[in-house]
Amino acid sequence: MKETFLFLLCLCVGVLPSFAQDGNLTVTGRVVDEAGAKLVGAHVRFSSMDETPKMTDVVVDTAGYFEVKLPLNYYTMRVTFTGFAPYEARVECLGNMDLPPIVMRESSSELAGVEVTAKRISYNARGYVANIANDQLFKGVTLVDAMRMLPGLYLKDGEFQAYGENIGSVFVNNKRLMYTGSALVGYLRTLQAKNIVSVQVLNSTADPLLTDKMAFVLKITTKRYEDGGNATVGASAKASNVYDFQAKPTLNIQQRIGKWSMFLLPDYTPRSVLNRGMKNTTHLYESDEVRKETQMTHLKFKPTLWLTGGLSYEIDKNNNVSLNVSGMHQKRSQTAETHNDVFGNSLQTGTTTGYVGERRKINQFEGMVNYYGELPIATLYGSLNYAFKEDDGHTSRDQTLANGQQNLFRQDKMAYYHLFSGSLSATWKLAKAHQLITSASVTSWDNKSHYCLPLVDGANAYRYLYKESSFDGSLGYEYSKGVWDVNVGTRYLNSRMKPVVEQGGVSSSYTRDVSKLLPFATITYIYDPESYKTLTLQYERSYDFSNLIAMDPSNAWRSEYSYDKGNPNLAPGFTDEIALQTRVGGFSLRSKYVNTLATSRIYQLDDNKNEVISYDNGLHHQYIFLYVGFPMLQLSDKWRVNYHCTYKWSKESYGGERRVASQVTGGFLSMATLPGDISLSCSAELNSPQRSLYSDLYYIGNIDGSLGKWFLKNRLYVGLNCSYTFLTRSRTMTQQFRYDSRFDRSMFMATLSASYQLKWGNKRARVNANRVVSIESMRMN
């Protein structure tokens, strides 16, 4: 490569006296890509131009800056970052210096071979940055598969987790996504890994609006384009021994015009019918009665349409506004045929047969306006949200008892809610090492449910109205310098709820008004600056409120208080969490202790020794959780294996009942590129039994494998996925009865998919390159 050197001179007026006092000078700088985006985790090395060079290394922090102390001397500065050409300059350090922004250019040659693969993860005080651009192993896979190969990330019950914690928020190009849980995974499957530059996995300090301080934040950066767009058009077909055959189309459209960009993602499901056989057995131990039931359930979904779209405007490289909306329309019907054999009961001894049916129509809408801005004195993030949902359902049950008596039940239910919320956070830059973090959010939730029981006296029909307003604010301080990164603060939470029950012309209501201060802290110590190994300690206190369903009087919960006197379900439960995370010898380790006193469903006996179910605030739950991520196994430059395991020890107690249990889970993902550029991935998840105070869940896990290949100059992708889910069995046992259930058969599913990528007017973006005050002559070409 051609080397070009630039001498950076700094006059020593007013500087040399201070240098004489401490012997070191301060050199600061910023590292960005050609679009002006900060390259967190870039490695900067200063080598003195002595006969025996002395080297000083520093890593770019989460704000995109670096700072290093150097003696007065001449140095060679070299900046490296996976996926970018090295950047080299000669620096004449005669005083404290603030270098102009260093602009890095992408280079596919920097991603060849095993050696570079091992360097594609850049760690920092908050987490790491994975640079997956041009990684040949990810050429033929979706973003979901690529993310599963990253440290700490894995799928659990169809949802992403990071080191055993939830994903609290996800950003794509600094725009917050509305998706969570399995919906997030579904969206990420529409993105091809080859179009992604980097994925950041950061702790909660990266999102001041995140109320779950133990959760993690994902920040995804995609390849950017000037005017033009692209679309992915495809279809998939599923066949299973449980689900009926299903075929559905896929479409994902992206368009950019100047500073405007948009996307459209419709999700249309033509039909889905689920047939499952499930056997339930209930043992009533007090009277030695046994009730056996065989139930066949048919879930019939009429065509369902999810429509998600977004529009954003980039004010400049540091400010953008985006609008995201989504809507859904669904019709669903569910039927169940029952056959019950009851013994030893004088009223219903014999065989009971019946039919249960449910029909539902759901309409849902969500909208979100986001603003992200980097100002000279602060980084701002604000959002406005509105959500609406309407759920219209009808339930019917017809049963014929052993004595010939007919048991009929009908219920119509209309439930809908409106949700408004607004939030704003600001990270104030007090100094290079000090920041003040403030956030505030307000929420208003208005829920209404109408119940009608046509075959029952009208006095039993009622309305359930639920209103909640809340304010959540936080104040935090962050110190980041040298080997320390400290974030401490407290949240202020005020929640006011007022449910109202209207029944037979009579209304009753109650109010819950709670205000709490909830402290939090994240302290990171960099014990090995050269490889950026850290030790992170986190603490959080949170409060858990009974949810909407728990307080709905249509559920037969009992308590010693009536609604008009004040329901104890309104009392919140608290949770204290302490977590410790580090990396040792290539292993990623995270342990957590959780202590909870929470509202929970409790099984009790009334005065007549009949069992009732109630909600009460008295369940004490403690557990210790350990996550171990093993070093990635690099078998070749085209074959990697990622694997992890978790351990959970828990103790639950309520009154005189107590239970201690433990669970071990493990999983792996193997990804390889076969001859002919065929992508192969295999994964498995295995679990030991999961136990709680009243129940046991036996679920071994699942295995799956995928094959995929690109055709027609990487425009047409064809993939095949096969998955196998083991049998599931659960048991609930209380003082009065035991309830066992299991699926009659394991589930096998095969999915064949194909997609074709269309592009128009695309040019790789160099939009911000000419706006950056760059040191182009320092670059190595």
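**Group meeting talk: a walk through a predicted chain**

Let me start with one residue. F81 counts as buried, at 5% relative accessibility. The cut-off for buried is under 20%, so 5% puts F81 in that class. Where does F81 sit in the chain? F81 is in a loop, the one between β5 (73-80) and β6 (87-93). So this is a loop residue that counts as buried, because its relative accessibility is 5%.

What does F81 touch, once neighbours within four places in sequence are set aside? On one side of the numbering there are L39, V40, G41 and A42. Then come M104, S122, V129 and N131. Look also at I121. F81 and I121 are 40 residues apart in sequence, yet their C-alpha atoms are 9.7 Å apart.

Now step back. This is a predicted model. The chain has 781 residues, and buried ones make up 46% of them. There are 46 strands and 4 helices. Take the contacts in the chain with a separation of 6 or more: 64% of them join residues 24 or more positions apart.

Next, confidence. The mean pLDDT of the chain is 77. A value of 70 or more is reached by 75% of the residues. Two stretches need a flag. Residues 343-348 have pLDDT below 50, and this stretch makes 8 contacts in the model beyond near neighbours in sequence. Residues 554-566 are also below 50, and here the count is 25 contacts beyond near neighbours in sequence. Where pLDDT is low, the predicted coordinates should not be read in detail.

On to the cavities. How many are there of 30 Å³ or more? The count is 3. I will take two of them.

The largest cavity holds about 220 Å³ of space. Its lining has 19 residues. Nearest the centre are R126, G127, T534, T536 and Q581. Which elements supply at least two lining residues each? From the earlier part of the numbering, β9 (121-124), β10 (127-131) and β15 (196-203). From further along, β32 (533-544), β33 (573-584) and β34 (587-605). By class, the lining of this largest cavity has 9 polar, 7 nonpolar and 3 charged residues.

The second largest cavity holds about 120 Å³. Its lining includes S204, T205, D207, P208 and K213. I437 is there too, and so are S474, L475, G476 and N487. F520 and T522 complete the list. Two elements give two or more residues to this lining: β28 (462-481) and β31 (512-528). β28 gives the most, with 3 residues. By class, the second largest cavity is lined by 6 polar, 4 nonpolar and 2 charged residues.

While we are at β28 (462-481), look along to K498. K498 lies in strand β29, residues 484-503. Its partner for this slide is K467. The two lysines are 31 residues apart in sequence and 5.4 Å apart in space, C-alpha to C-alpha. Buried, partly exposed or exposed: which class is K498 in? K498 is partly exposed, because its relative accessibility is 41%, and that class runs between 20% and 50%.

Now two backbone points. D157 has a positive phi, near 55°, and D157 is not a glycine. D157 lies in the loop between β11 (153-156) and β12 (159-162). D157 is exposed, at 59% relative accessible area. The cut-off for exposed is over 50%, so D157 clears that cut-off.

The second point is N174. Here phi is about 65°, again positive in a residue that is not a glycine. N174 sits in the loop between β13 (165-172) and β14 (175-176). Its relative accessible area is 32%, so N174 is partly exposed.

Last, the cysteines. How many disulfides does the model have? The count is 0. Two cysteines to look at are C645 and C722. C645 is partly exposed, with 26% relative accessible area. C722 is partly exposed as well, at 31%.

To close, three things to keep on screen. F81 is buried in its loop, at 5% relative accessibility. The largest cavity has 19 lining residues. And residues 554-566 are below 50 in pLDDT. I will take questions.

Notes:
Residues are numbered from 1 along each chain as its sequence is written. This is a predicted model: local features need pLDDT of at least 70, side-chain atom pairs count only at pLDDT 80 or more; totals for chains, interfaces and linings use all residues. Side-chain values use heavy atoms; hydrogens and water are left out. pLDDT is the predictor's confidence in each residue, from 0 to 100. Contact means heavy atoms within 4.5 Å. A disulfide is a pair of cysteine sulfur atoms within 2.5 Å. Buried means under 20% relative accessible area, exposed over 50%, partly exposed in between (1.4 Å probe, protein chains only). On a 1 Å grid over the protein atoms alone, a cavity is a set of points where a 1.4 Å probe fits but cannot get out, and a pocket is an open set with protein on both sides within 12 Å along at least five of seven lines; lining residues have an atom within 4 Å of a point. Grid points are joined across faces, edges and corners, and a volume is the space filled by probe spheres set on the points. Ala, Val, Leu, Ile, Met, Phe, Trp, Tyr, Cys and Pro count as nonpolar, Asp, Glu, Lys and Arg as charged, and the others, Gly among them, as polar.
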